[in-house]
Amino acid sequence: MENKIYDVIVVGAGLSGLQAAHDIQQAGFSCIVLEARDRVGGKTWSVPLANGNGFVDIGAAWTNDTNQTHMYSLVQKFGIELVQQNTEGDCVFLDEDGTTHKFPYGTSPKFTTEEVEDLERIRDEIHDLSVTYKAKGVANYDRLSLEQSSSAKGDRRRPSK
Ligand SMILES: Cc1cc2nc3c(=O)[nH]c(=O)nc-3n(C[C@H](O)[C@H](O)[C@H](O)COP(=O)(O)OP(=O)(O)OC[C@H]3O[C@@H](n4cnc5c(N)ncnc54)[C@H](O)[C@@H]3O)c2cc1C
């Protein structure tokens, strides 16, 4: 690496680091971005499908113009193509033992009544949190994995087969 002095060192080339690097340069300062991985993007990661018919998002996939207006304006600024969420056809659920379950979009997989109630309640809790993200105490959720959060609420685990 060349010997050069930078005004700012940004650690991490996820969306935050890349936006920071962009802002720093716009403000007239020099910067270097250090990334531990061999790619940029962090928790966003689009991987080509093996059959060559498009990409699958391993990380972030969805955005909207209602409660993600900053991200949405960046999408427009950089001319990034958005694909509308498909709301027809089947969804595929991958179980922890590797089996797959197909079910029509808008319905729940054919689990037991208790399992469906758990899934729907967790889904609704996450939805409610996402639309009230500025509410007091929500920041604590950043320190929890989804599993830790749902275990803390007493959610049942599916029995291993
Ligand atoms: C499975 C999944 C699905 C998601 N779906 C959505 C979605 O649909 N819509 C949405 O809006 N958000 C979604 N998110 C959240 C979204 O991906 C993140 O909020 C966002 O990408 C975080 O960006 P960031 O730059 O803050 O952090 P990160 O993306 O985590 O970037 C941090 C970067 O810093 C690097 N780094 C860390 N430590 C060091 C170090 N010491 N030295 C060098 N580099 C370092 C990391 O390798 C990484 O590249 C999803 C996240 C996941 C995991």
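Let's start with lysine 110: its C-beta has 11 neighbours inside 10 Å, so lysine 110 counts as exposed. The yardstick is simple: a residue is buried with 20 or more other C-beta atoms within 10 Å of its own, exposed with 12 or fewer, and partly exposed in between, with C-beta atoms placed from the backbone. This is a predicted model, in which local features need pLDDT of at least 70 and side-chain atom pairs count only at pLDDT 80 or more, while totals for chains, interfaces and linings use all residues. Residue numbers run from 1 along each chain as its sequence is written.

Where does lysine 110 lie? It sits in the loop between strand 6 (100–104) and helix 3 (113–131). Helices (H or I, at least four residues) and strands (E, at least two) are DSSP runs, numbered from the N terminus. Leaving aside neighbours within four places in sequence, lysine 110 is in contact with His101 and Phe103; contact here means C-beta atoms, placed from the backbone, within 7 Å.

**Overall layout**

The protein chain has four helices and six strands, and along the sequence they follow the pattern β-α-β-β-β-α-β-β-α-α. Its radius of gyration is 20 Å, well over the 15 Å that the globule rule gives for 161 residues, so the chain is more spread out than a compact globule. (That radius is taken over C-alpha atoms, and the rule is 2.2 Å times the number of residues to the power 0.38.) Along the principal axes, the C-alpha atoms fill a box of roughly 60 × 45 × 35 Å. Just 1% of the 161 residues count as buried.

**Strands**

Strand 1 (residues 8–11) and strand 2 (residues 31–34) run parallel and are joined by four bridges. Isoleucine 9 stands opposite isoleucine 32 in strand 2. Between the two strands the chain passes through helix 1, and this β-α-β crossover is right-handed, which is to say clockwise from the first strand over the helix to the second when the strands point away from the viewer.

Strand 5 pairs with strand 6 in the antiparallel sense over five bridges; pairing takes at least two DSSP bridges. Leucine 94 has threonine 100 as its bridge partner in strand 6. The two strands form a hairpin with five residues between them, and glycine 98 in the turn has a positive phi of about 95 degrees. As for cover, strand 5 (residues 90–94) has zero buried residues among its five.

**Helix 2 and the loop beyond**

Helix 2 (residues 69–77) is hardly covered either, with zero buried residues among its nine. Just after helix 2 comes glycine 79, with a positive phi of about 65 degrees. Glutamine 84 belongs to the loop between helix 2 and strand 5, and its 5 C-beta neighbours inside 10 Å make it exposed.

Here are two C-alpha separations for the loop residues:

| Pair | Apart along the chain | C-alpha separation |
|---|---|---|
| lysine 110 and lysine 77 | 33 residues | 42 Å |
| glutamine 84 and tryptophan 62 | 22 residues | 9.3 Å |

**Around the ligand**

Which residues come nearest to the ligand? Of the 20 around it, they are Gly12, Gly14, Gly42, Lys43 and Ala60. Being near means having a C-beta atom, placed from the backbone, within 6 Å. Helix 1 (residues 15–26) gives the largest share of this shell, three residues. By type, the shell divides into eight nonpolar, nine polar and three charged residues. Ala, Val, Leu, Ile, Met, Phe, Trp, Tyr, Cys and Pro count as nonpolar, Asp, Glu, Lys and Arg as charged, and the others, Gly among them, as polar.

Key:
Two residues are in contact if their C-beta atoms, placed from the backbone, lie within 7 Å.
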